[in-house]
Amino acid sequence: MQIKPHFHLNAFNTIYSMSQMKDYSLIQEIVRSLSDYLRYTVKGNLTLVPFEDELKHVQTFLQIQKIRSGENLICHIDANQQLMNLQMPPLILHTFIENIMKLPVNG
C-alpha cells in the first residue's frame, strides 16, 4: 500500500480553509469522507475485496475531490449490479481513477 501524502495534505489544507470560512457542514462532510477513505486504505492484508466495496471507496474519493474542487467535479458511475460481488484486488479502481483525475491543487 502506498500512501499519497499530497492527497492527504491537500485535504487537510481544504479543511483548514473551510474552518476559516466557518463552513462547518462542509467540514463535517469532508472529515467523514476522509475518515472513510483512510479506513478503507488501511483495512489490513486483504488480497481481494468485493467490487461493491471498491466502488464505494472510489465514490468516497470522488466526493473528497468534489469538495476540494468547489463542486466543479461531475461524475456519474453506472455499474452493473451483477458485478457487485466480483472479487478484485483492493485499491485497483482507485488507482485507475486517481491517475485520470486532473484537478487544480488547492493550498
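Reader: Where do Asp36 and Arg39 both lie, and how many residues apart are they?

Author: In this predicted model, the side chains of Asp36 and Arg39 meet in a salt bridge, with 3.0 Å from N to O. The two residues share one element and are separated by about one turn of the helix. Asp36 and Arg39 both lie in helix α2, three residues apart.

Reader: Is Arg39 buried or exposed?

Author: Its partner in the salt bridge, Asp36, is partly exposed, with a relative accessible area of 35%. For Arg39 the relative accessibility is 52%, and the cut-off for the exposed class is over 50%. Arg39 therefore counts as exposed.

Reader: How many salt bridges does a search of the whole structure find?

Author: One salt bridge joins the side chains of Asp36 and Arg39, and another joins those of Glu52 and Lys56, at 3.9 Å from N to O. The search of the whole structure gives a total of two.

Reader: In which helix do Glu52 and Lys56 lie, and which accessibility class does Lys56 belong to?

Author: Glu52 and Lys56 are four residues apart, about one turn of the helix, and both belong to helix α3. Glu52 has a relative accessible area of 33% and is partly exposed. Lys56, in helix α3, has a relative accessibility of 46% and so counts as partly exposed.

Reader: Which residues does Thr60 touch, not counting residues up to four places away in sequence?

Author: Thr60 is another residue of helix α3, and its relative accessibility of 16% means that it counts as buried. Once residues up to four places away in sequence are set aside, the residues that Thr60 touches are Ser33, Asp36 and Tyr37.

Reader: In what order do the elements of the chain run from the N terminus on?

Author: The chain has four helices and two strands. Taken from the N terminus on, these elements follow the order α-α-β-α-β-α.

Reader: How are α1 and α2 oriented to each other, roughly parallel or roughly antiparallel?

Author: Helix α1, residues 5-21, and helix α2, residues 24-41, pack with their axes 9 Å apart and at an angle of about 160°. An angle over 145 degrees counts as roughly antiparallel. The orientation of α1 to α2 is therefore roughly antiparallel.

Reader: How many nonpolar residues are there in the contact of α1 with α2?

Author: α1 passes α2 in a left-handed crossing. On the side of α1 the contact is made by Phe7, His8, Ala11, Phe12, Thr14, Ile15, Met18 and Ser19, and on the side of α2 by Leu26, Ile27, Ile30, Val31, Leu34, Tyr37 and Leu38. Among the residues of this contact, three are polar and no residue is charged, while the number of nonpolar residues is 12.

Reader: What is the orientation of α1 and α3 to each other?

Author: The axes of α1 and helix α3, residues 51-68, come within 10 Å and cross at roughly 45°. That angle lies outside the ranges for parallel, antiparallel and perpendicular, since these are under 35, over 145, and 65 to 115 degrees. The two helices, α1 and α3, are therefore oblique.

Reader: How many charged residues are there in the contact of α1 with α3?

Author: α1 passes α3 in a left-handed crossing. The contact brings together Phe7, Asn10, Ala11, Thr14 and Met18 of α1 with Phe61, Ile64, Gln65, Ile67 and Arg68 of α3. These residues divide into six nonpolar, three polar and, as for charged residues, one.

Reader: Where is Lys22 placed, and what is its phi near?

Author: Lys22 has its place in the loop between α1 and α2, and with a relative accessible area of 57% this residue is exposed. Most residues other than glycine have a negative phi. In Lys22, a residue other than glycine, phi is positive and near 60°.

Reader: Is Leu91 buried or exposed?

Author: Leu91 is found in the loop between β2 (87-88) and α4 (92-100), and although Leu91 is not a glycine, its phi is positive, about 70°. Its relative accessible area is 19%, and the cut-off for the buried class is under 20%. Leu91 is therefore buried.

Note on methods. Residues numbered from 1 in each chain as written. Predicted model: local features only at pLDDT ≥ 70, side-chain atom pairs only at ≥ 80, totals over all residues. Heavy atoms only, no water. Axes fitted to C-alpha atoms, helices over the stretch in contact; angles between N-to-C directions. Left-handed = near helix turned anticlockwise from the far one by under 90°. Contact = heavy atoms within 4.5 Å. Nonpolar A, V, L, I, M, F, W, Y, C, P; charged D, E, K, R; others polar. Salt bridge = Lys/Arg side-chain N within 4 Å of Asp/Glu carboxyl O. Buried < 20%, exposed > 50% of the residue type's maximum accessible area, 1.4 Å probe, protein only.
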